[in-house]
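Thank you all for making time this morning. I would like to walk you through one model, and I will ask you to keep the view open while I talk.

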Amino acid sequence: MDESPFAPRGDAYGPWEEDPRPAEASGPVPPERRYNLPLIIGGAIVAGLVLVGGGFGVSAMLKDDEPTKPAAADKSAPPATAPRQQPSKPPLTPVKLKSRVTDPRPLTLNEAFGKRSFTSTTGKVARTAWKAQRGCAGIVNGVALGKALKKGGCSQALRATFARGDGKLIGTVGVLNLKTEAAARAAERAAAAKDAYLQPLAGTGVTKKIGKGEALGTAEVRGHYLVMTWVQRPDGKKIAAKYHRLVSTFGQELIRGSNLKFALTYRETEGKPFRN
């Protein structure tokens, strides 16, 4: 028996079903404003680490508070000297993705989305389309977002579309190249508007009609790049609220599994593209 939260039950999607009405076929519906979902997930992970660390610290302090017998004084022992404190080195701050000045070479499709398929937490995911273009015209929707990209000097946009092996989720991930990190953050703020979203890229198979119906989208900054996602059901029907976290996770898996996260991290640490 399939115990997946997306397992069939009564129809092709089972518990996905929330609104039985068919999706509109006239065009994309702006994705629900879920831009903070990755931050919430990340925050939960960080909070967990803090609690674990805090628990260990409390345990150690409680152990140290246990009464102990005073050590007998040794008059023959020389007085203890405090160890010399070594000056601490400040942590290195990655600056190579702060702007196109330190990261001048354009991204390529093979660099950003080089993996045709990968295995996610829900199984195999395959790429069905990819496309690169100079400039960002037609890549996003949203008046404020479009203005922010133009003001930020968006020089290129790359997108790739993927489908889960079971055909129950499809999505597009895009990366937009702006002049500076400050420009990317301004675009991220503009991406929170109700009319702002990444235009999905149609592919083959179940992704042929991507963009029809409802979706969830995210936007996040990586240096001077703005990374955006669009995730939906192939039939375009509404995704129940209780699955929003899983959908957001799928969007993050597209960023990691496609090779985009590694490509940007490599540029950040090495100061050059992973592939020449």
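What follows is a tour from the whole chain down to a few strands, one disulfide and two single residues.

Please bear in mind throughout that this is a predicted model. The chain has 6 helices and 9 strands, and of its 276 residues 41% count as buried. The accessible surface comes to about 16,000 Å², and 58% of that surface belongs to carbon and sulfur atoms. If we take the contacts with a separation of 6 or more, 75% of them are between residues 24 or more positions apart.

Let me turn to strand β6, which covers residues 170-177. How many of its residues are buried? The count is 8 of 8, so that the strand is mostly covered by the 20% cut-off for relative accessible area. On one side we find Ile170, Thr172, Gly174 and Leu176, on the other Gly171, Val173, Val175 and Asn177, and both of these faces are covered.

As for the partners of β6, strand β5, residues 156-164, pairs with β6 in the antiparallel sense over 8 bridges, and within that pairing Arg159 stands opposite Gly174. The hairpin of β5 and β6 has 5 residues between the strands, and in this hairpin Gly167 takes a positive phi near 75 degrees. Strand β9, residues 225-232, is also joined to β6 by 8 bridges, and these two strands again run antiparallel; here the bridge partner of Gly171 is Val231.

Now to strand β2, where the pattern of burial is worth following residue by residue. In a regular strand the side chains alternate between the two faces of the sheet. Along β2, Phe118 and Ser120 point to one face and are buried, while Ser117 and Thr119 point to the other and are not. This strand is joined by 4 bridges to β3, residues 123-134, with the two running antiparallel, and Ser117 stands opposite Ala126 in β3. The hairpin that joins β2 to β3 does so through 2 residues.

Why does Ser120 count as buried? Its relative accessibility is 13%, and the cut-off for buried is under 20%, so Ser120 falls within that class. The side chain of Ser120 makes a polar contact of 3.1 Å with the side chain of Thr122, and, if we leave aside neighbours within four places in sequence, Ser120 is in contact with Val125 and Glu253.

On to the disulfide, since the structure holds 1. Cys136 and Cys154 form it, with their sulfur atoms 1.8 Å apart. The pair links distant parts of the chain, with Cys136 in the loop between β3 and β4 and Cys154 in the loop between α3 and β5, 18 residues apart. Cys136 counts as buried at 11% relative accessibility, and Cys154 is buried as well, with a relative accessible area of 13%.

My last residue is Ile255, which is found in helix α5, residues 244-257. Buried or exposed, then, is Ile255? At 7% relative accessibility, Ile255 counts as buried. Not counting residues up to four places away in sequence, Ile255 touches Val173, Glu220, Val227, Thr229, Leu260 and Lys261. Ile255 and Phe113 are 142 residues apart in sequence, yet 8.8 Å apart in space, C-alpha to C-alpha.

That is the end of the tour, and I am happy to go back to any part of the view.

Conventions
Residues numbered from 1 in each chain as written. Predicted model: local features only at pLDDT ≥ 70, side-chain atom pairs only at ≥ 80, totals over all residues. Heavy atoms only, no water. Buried < 20%, exposed > 50% of the residue type's maximum accessible area, 1.4 Å probe, protein only. Polar contact = N/O pair within 3.5 Å; in protein donor to acceptor, adjacent residues only side chain to side chain. Contact = heavy atoms within 4.5 Å. Pairing = 2+ DSSP bridges. Areas by Shrake-Rupley, 256 points an atom, 1.4 Å probe, with all protein chains shown as cover. Disulfide = S-S within 2.5 Å.
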